[in-house]
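Me: I'd like to practise reading helix packing, helix faces and cysteines. Can you walk me through a case?

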Amino acid sequence: MRHGVVIVGSAVGGVRAARALRGEGYPGRVILVGEEPGLPYDRPPLSKQVLTGAWPAERAGLLSAQAAVEAGIELRLGVPARALDPEARKLEMADGEVLRYDDLVIATGAAARPSPWQPPSGLYQLRTLADCRALKERFAGGGAIVMIGGGFIGAETAAAARTAGCDVTLVDPLPAPMERAAGPVVGALLADVHRRHGVRTRFGVGVRAVSGRAGDLAVTLSDGSVVRAETAVVGIGAIPNDQWLRGSGLAIEDGVVCDATLAAAGATHVFAVGDVARWPHPELGSKVRAEHWTNAADQARCVARTIAHPGARETYRPSDYIWSDQYDWKLQLAGQPARAVAEWVIGTPDAERPRVAVVHADATGQLCAAVCLNWPKAFVQCRRVLDERAPAAAARELLAGL
């Protein structure tokens, strides 16, 4: 008896895998399991358009009930997976239900890294739609907000809070927001746009303690200074949702360890995609776990093709594309800046609204990464050069003509 494919996780990786299976002509059952009770939704808009109010929450939906029926995707929502038995090909749910499968896709994503500071009230994190709604309601009331963490979530949430009229202080131990991803040049420009919008920035210092309660919090920084606030928001990274797989026999090392086809190590007929997967990056020469939307969507398509056509396993090749929206600025990144030995800054970094591209070359002179701010045309050209594995000089020449 055939049991079909069970997909654990109802965010973009899970939904895209389910849809891609049907697109590849997979004829069997497709069951999509989700911990949250509501219909699947997209996460990037939670810190962008939904949080700012530019979109209603419904617009972030990934799969309606009607679309699921039409695609033949069975939904099991509101109950998390509890345990996996790969040898028996059984998935145990928290309510005791057992789902049999022919192939399993783990797409459980990641959760917000828990805050080390736990005041009785007044502290928020952003990962789910419920988190977003709670924060949006809080921002509507105005007042003083301290955003702890200046990465993607932190910088975007700070922008949303300031757009809502809150008094915002952004704190991060690095010299500029998003510096790990965007680099110091673009990071400094992002810091400047936050300041121009009225955000107080405290970069280069960490947080020692958060005390008090909602409406009267004291955030003590590593330099001894204290920032008063009514609300604190913590965005200090994410951890993979792999705890439920302990004891399954799968190799778990800060995520589900996979081979180049995204098949999970330690089992057969089990795959992992998205934030929870750790896989060998062909350019970096090491296993990585990438917490980005495009990676999850691309991996879902790759795994769906492998399941639908098991005789033609496909090696996953990442596009390494990420983006961020803050105020009316757009940041776009592609490639692997970690491989760079040289970089060039092109554009108008000193303009009121800078239009900048930072192009990175590896040791062979090949373009290995590009970071573009407010310059979509430049980013399109850089993506083309990256795809062609052409020299960085080719990208510089193309951008000079824009």
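Reply: Sure. Keep in mind that this is a predicted model. Start with a helix pair: the axes of α1 (residues 12-23) and α7 (residues 293-308) come within 8 Å and cross at roughly 35 degrees.

Me: Which hand does the crossing of α1 and α7 have?

Reply: Right-handed, as α1 passes α7. On the α1 side, the contact uses Val12, Gly13, Arg16, Ala17, Ala20 and Leu21. Their partners in α7 include Trp293, Ala297, Arg301, Ala304 and Ile307. By residue type, the contact of α1 with α7 has eleven nonpolar, one polar and two charged residues.

Me: Next, helix faces. Which residues of α9 are buried?

Reply: In α9 (residues 392-400), look at Ala392, Ala395 and Leu399. These buried residues lie on the same side of α9, because they cover an arc of only 55 degrees around its axis. Glu397 and Ala400 are exposed, on the face turned away from that buried side.

Me: What do the buried residues of α9 pack against?

Reply: Three strands and a helix: β24 (342-348), β25 (355-361), β26 (367-373) and α8 (376-388).

Me: Now the cysteines. How many disulfides are there?

Reply: The general idea is that a disulfide covalently joins the sulfur atoms of two cysteines. The cut-off is 2.5 Å between sulfurs, and here the count is zero.

Me: Why is Cys258 not bonded to Cys302?

Reply: Because the sulfur of Cys258 is 11 Å from the one in Cys302, its closest cysteine sulfur, and that's too far for a bond. Cys258 is buried at 3% relative accessibility, and Cys302 is buried at 1%.

Notes:
Residues numbered from 1 in each chain as written. Predicted model: local features only at pLDDT ≥ 70, side-chain atom pairs only at ≥ 80, totals over all residues. Heavy atoms only, no water. Buried < 20%, exposed > 50% of the residue type's maximum accessible area, 1.4 Å probe, protein only. Axes fitted to C-alpha atoms, helices over the stretch in contact; angles between N-to-C directions. Helix = DSSP H or I, 4+ residues; strand = E, 2+ residues; numbered from the N terminus. Left-handed = near helix turned anticlockwise from the far one by under 90°. Contact = heavy atoms within 4.5 Å. Nonpolar A, V, L, I, M, F, W, Y, C, P; charged D, E, K, R; others polar. Arc of directions from axis to C-beta.
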